[in-house]
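Work through the exercises below with the sequence and the model side by side. Each one sets a task and then solves it in steps.

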Amino acid sequence: MLWLFTRRALLLASLALPTLTAAEPFNLSARHVKAAHRPRRVIVQLDAADHRRINLPPAEWLKYIFTFPDEPGSQIDSIVFDIGLDNDMAVYPSKFLPPTHDRWIRAWQSHGFEWLSALIKECRKRNIEVIWNHRFSEVDLDPDANKEMTTLHPIKAAHPDWLIRCWWWQGLWNAAAPGLREFKVAQLRDLAENYDLDGIQIDFARHTPVLPPGHQWEQRDGVTELLRMTRKMLLDVENKRNKPILLGAKVPRTLEGCKIDGFDVAVWAKERLVDQLTLGSRSLDVDIEGFRKAVGPAIRLHPCYDDHHATDGYRFAPIEYLRGVAATWWKQGADAVTTFNFAVARPARAAEVKDALAPPTHQLAYHQIGDPKTMANLDRVYVVERRGGYPWAEGYFNRNDTAQLPELLSNAGKPSRFVLRIAEPAPKAQLRLILFNALPSDTFDVTLNGTILTSPNTDPTWKDPQINSPAPQPSSGGNGRYEINPAQKLLALTYTLDPATLRTGLNKVEIKIAHRGSYPINAQVQVEKIELATTYSRSTHDPH
């Protein structure tokens, strides 16, 4: 019955779908362009479904969800509601999709509380832009039990030709399948026609691949056609509503990654298919400058940082780290910064309602990272990105496979070279290297931008609960509680820097072994982390 319902609805909805044979650029109204270029500081991709189990009355639940946006000084201008807990079933009243099985949402609905309409209404009260995030290809979960479905999803069972066979046993959606594209666009039309949204984002990060592996670039027109159809549909709804409806897409962090996964962003820009691109999800090294050259000034670029599936080794990092990430993005020309999987309230309040805990840095970040001026003269930490920690993808997106660390050093004295990006020099700075399998008696030649660094502070007792060497790194996510291994043996080398050696933008670090004491044959020192801390004079902006 579920599939029969969906199939009839799809047939009716598909009658209104356009057939696009040309690839002429879309004409966008001045009003639409103005909405697309609305100033934004912090965009929050909010998975409100994560907080639905909290035992609060609807009014109190809404107040809790909007805790941080309601704080004086909050820089949150836009919320992207990412409520993808029940793939291709409606977590809202829908004429198109079958209703969700989620018992919390069904209980709310039985008492007259329709959460999507309520969330949109609360955004309107606060003049916060509201976007719907559509997870293009989610894994199939039973939302009631919060675990994998044990039977094949009925729509996937009925349409095996819409699927890619890959790491996910049920298969993921294939954007190259014309029937699937019609299904997706009809699904989004249902949302756009019935809810007062400012826009829709198609989230290609959840999950990849979205095109057949090994043929993504070859079949890239499948994704481009999906966006053409969606843009045409949204402009049609926009004209009927007399209100702009923006279209965005979440894509990999580099142009190389977009090519690997089959996202032709240059064509999207040429045809005016999207207004916004969310760049990356869990990555620090986002090629904002490269995207700007490829897509031009019209498309807004919003790099994203996920602090649940965080970049390896830096989950729930200090505020100085988050400042460093955001500062480099602003320096490269970001139009806003996006957060994902951040807390919605302070730890004490989250504990009161039995919600998932997160560090207080999230609250502070929402007051600082949305504007370079509010980070001026505040301490920062810049790091070299680490690989690993994300097994739920195939291709490029989210995996950070091209990150520079960890790196084994040559015992023959061959140097290893790294690039570290910073937003700007500061009055004081230190470079810290975290090494595994090194002895206090080992010595290293280290240079920064060609300047030899000397006289490091050596700490052989350094501990880092997010480094697991020699064991493999675990997958990202989990509860965020990391325990220190008392037997862990890391060596920290900290160099005090002359600020004149630093460069805005890319800085070159070179490390090689100068001398090693006694060590087992073939044992190599591994560079785990490279961190550069900049320190400013305390100012009135400093919260400490």
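The exercises cover pockets, nonpolar cores, cysteines and backbone geometry.

This is a predicted model, in which local features need pLDDT of at least 70, side-chain atom pairs count only at pLDDT 80 or more, and totals for chains, interfaces and linings use all residues. Residues are numbered from 1 along each chain as its sequence is written, and side-chain values use heavy atoms, with hydrogens and water left out.

**Exercise 1. Describe the largest pocket by volume and lining.**

Step 1. Fix the term: on a 1 Å grid over the protein atoms alone, a pocket is an open set of points where a 1.4 Å probe fits, with protein on both sides within 12 Å along at least five of seven lines, and lining residues have an atom within 4 Å of a point.

Step 2. The volume, taken as the space filled by probe spheres set on the points, which are joined across faces, edges and corners, is about 1300 Å³ for the largest pocket.

Step 3. Its lining has 47 residues, and Asp-47, Asp-50, His-308, His-309 and Asn-341 lie nearest the centre.

Step 4. Sort the lining by class (Ala, Val, Leu, Ile, Met, Phe, Trp, Tyr, Cys and Pro nonpolar; Asp, Glu, Lys and Arg charged; the others, Gly among them, polar). The result is 21 nonpolar, 13 polar and 13 charged residues.

**Exercise 2. Which element gives the most to the lining of the second largest pocket?**

Step 1. The second largest pocket holds about 480 Å³ of space, and 25 residues line it.

Step 2. Elements are DSSP runs numbered from the N terminus: helices are H or I with at least four residues, strands E with at least two. Those that give two or more residues to this lining are α12 (319–332), β16 (428–436) and β22 (526–535).

Step 3. With 5 residues, β16 gives the most.

**Exercise 3. Identify the residues of the largest nonpolar core that touch the most other members.**

Step 1. Such a core is a set of buried Ala, Val, Leu, Ile, Met, Phe, Trp, Tyr and Cys residues joined through side-chain atoms within 4.5 Å. Buried means under 20% relative accessible area, exposed over 50%, and partly exposed in between, for a 1.4 Å probe and protein chains only.

Step 2. The largest core has 141 residues, and those with the most touches to other members are Trp-61, Trp-115, Phe-204, Trp-268, Leu-277, Leu-431 and Phe-444.

Step 3. A separate, second core of 5 residues includes Phe-436, Ile-467, Leu-490 and Ala-492.

**Exercise 4. Why do Cys-166 and Cys-258 form no disulfide?**

Step 1. A disulfide is a pair of cysteine sulfur atoms within 2.5 Å; the structure holds 0 of them.

Step 2. For Cys-166, the closest cysteine sulfur is in Cys-258, 19 Å away and therefore too far for a bond.

Step 3. For Cys-258, the closest is in Cys-304 at 14 Å, again too far.

Step 4. Cys-166 is partly exposed at 21% relative accessibility, whereas Cys-258 is buried at 1%.

**Exercise 5. Find where Pro-209, Pro-470 and Lys-354 lie, and describe their backbone geometry.**

Step 1. The bond between Thr-208 and Pro-209 is cis, with omega about 10 degrees; Pro-209 sits in the loop between β8 (199–203) and α8 (221–241).

Step 2. Ser-469 to Pro-470 is also a cis peptide bond, with omega near 10 degrees, and Pro-470 is in the loop between β19 (457–462) and β20 (490–497).

Step 3. Lys-354, not a glycine, has a positive phi of about 60 degrees. Lys-354 is in the loop between α13 (347–352) and α14 (361–365) and is exposed at 75% relative accessibility.
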